[in-house]
Amino acid sequence: RKRVSLAPPIDHVTFRFWPAPHPHARQARVEASFETPAIVLKEGDAVYVPSGWVHKVVAERVAAAASFTALPPEFQAFEGLVREQ
């Protein structure tokens, strides 16, 4: 089982993301709290994380995961918001 927390793009400022050129690009600099309740995933479940949404996944035990990223046009807008910090 995994717990997935999500936050809308408007909350990105509370996480203070590293900018694209940094080795930790798109990772939060601080541990901010998520306002929405976590989603619990069981084996075989999947979750769609919309572009720009902040997400955190915590597994209850050792687990494997696959993540596929496609950078849509709004990624550039998100990067612009992050670089303004």
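Okay, quick word first: pLDDT is the predictor's confidence in each residue, from 0 to 100. I start there as what you're looking at is a predicted model. The mean pLDDT of the protein is 81, with 81% of residues at 70 or more. Which element has the lowest mean pLDDT, and which the highest? The lowest is helix α1, residues 74-83, at 66, and the highest is β2, at 92. Where pLDDT is low, the predicted coordinates should not be read in detail. Let's keep that in mind for the helix.

Right, the layout. We've got three strands and one helix, and along the sequence the order runs β-β-β-α. The protein has 85 residues, and 19% of them count as buried. The accessible surface is about 6400 Å², and carbon and sulfur atoms make up 56% of that. As for contacts, take the ones between residues at least 6 apart in sequence: 67% of those join residues at least 24 apart.

So, the inside. Which residues form the largest nonpolar core? There are six: A7, F15, F17, A32, F34 and V54. Looking at A32, and leaving aside neighbours within four places in sequence, its contacts are T14 and F15.

Now let's go to strand β1, where S5 sits. Is S5 buried or exposed? Buried, because its relative accessibility is 15% and the cut-off for buried is under 20%. Again skipping residues up to four places away, S5 touches F34, A38, V54, H55 and K56. Two of those names, F34 and V54, you've just heard in the core list.

Compare that with another serine, S33, in the loop between β1 (2-7) and β2 (39-41). S33 comes out at 56% relative accessibility, so it counts as exposed. And here's a distance to try on your screen: S33 and A7 are 26 residues apart in sequence, with their C-alphas 9.2 Å apart in space.

On to charges. Side chains of opposite charge can pair when their charged atoms come close. How many salt bridges do we get here? Two.

One of them joins the side chains of R1 and E60, at 3.3 Å from N to O. R1 is in the segment before β1 and E60 is in the loop between β3 (54-59) and α1, so this pair ties together parts 59 residues apart in sequence. R1 has 49% relative accessibility, so we call it partly exposed.

The other is K56 with E31, at 2.5 Å, N to O. That pair also links distant parts of the chain, with K56 in strand β3 and E31 in the loop between β1 and β2, 25 residues apart. K56 has a relative accessible area of 32%, so it is partly exposed. E31, at 63%, counts as exposed. And yes, K56 is the residue you met earlier, in contact with S5.

Last thing, a bit of backbone. Most residues other than glycine have a negative phi. Now click on R16: it isn't a glycine, yet its phi is positive, about 50°. Where is R16? In the loop between β1 and β2. Its relative accessibility is 40%, so R16 counts as partly exposed.

That's my tour. To leave you with one picture: a β-β-β-α chain, a six-residue nonpolar core and two salt bridges, with α1 as the element of lowest mean pLDDT.

Technical notes
Residues numbered from 1 in each chain as written. Predicted model: local features only at pLDDT ≥ 70, side-chain atom pairs only at ≥ 80, totals over all residues. Heavy atoms only, no water. Helix = DSSP H or I, 4+ residues; strand = E, 2+ residues; numbered from the N terminus. Buried < 20%, exposed > 50% of the residue type's maximum accessible area, 1.4 Å probe, protein only. Contact = heavy atoms within 4.5 Å. Core = buried A, V, L, I, M, F, W, Y, C linked by side-chain atoms within 4.5 Å. Salt bridge = Lys/Arg side-chain N within 4 Å of Asp/Glu carboxyl O. Areas by Shrake-Rupley, 256 points an atom, 1.4 Å probe, with all protein chains shown as cover.
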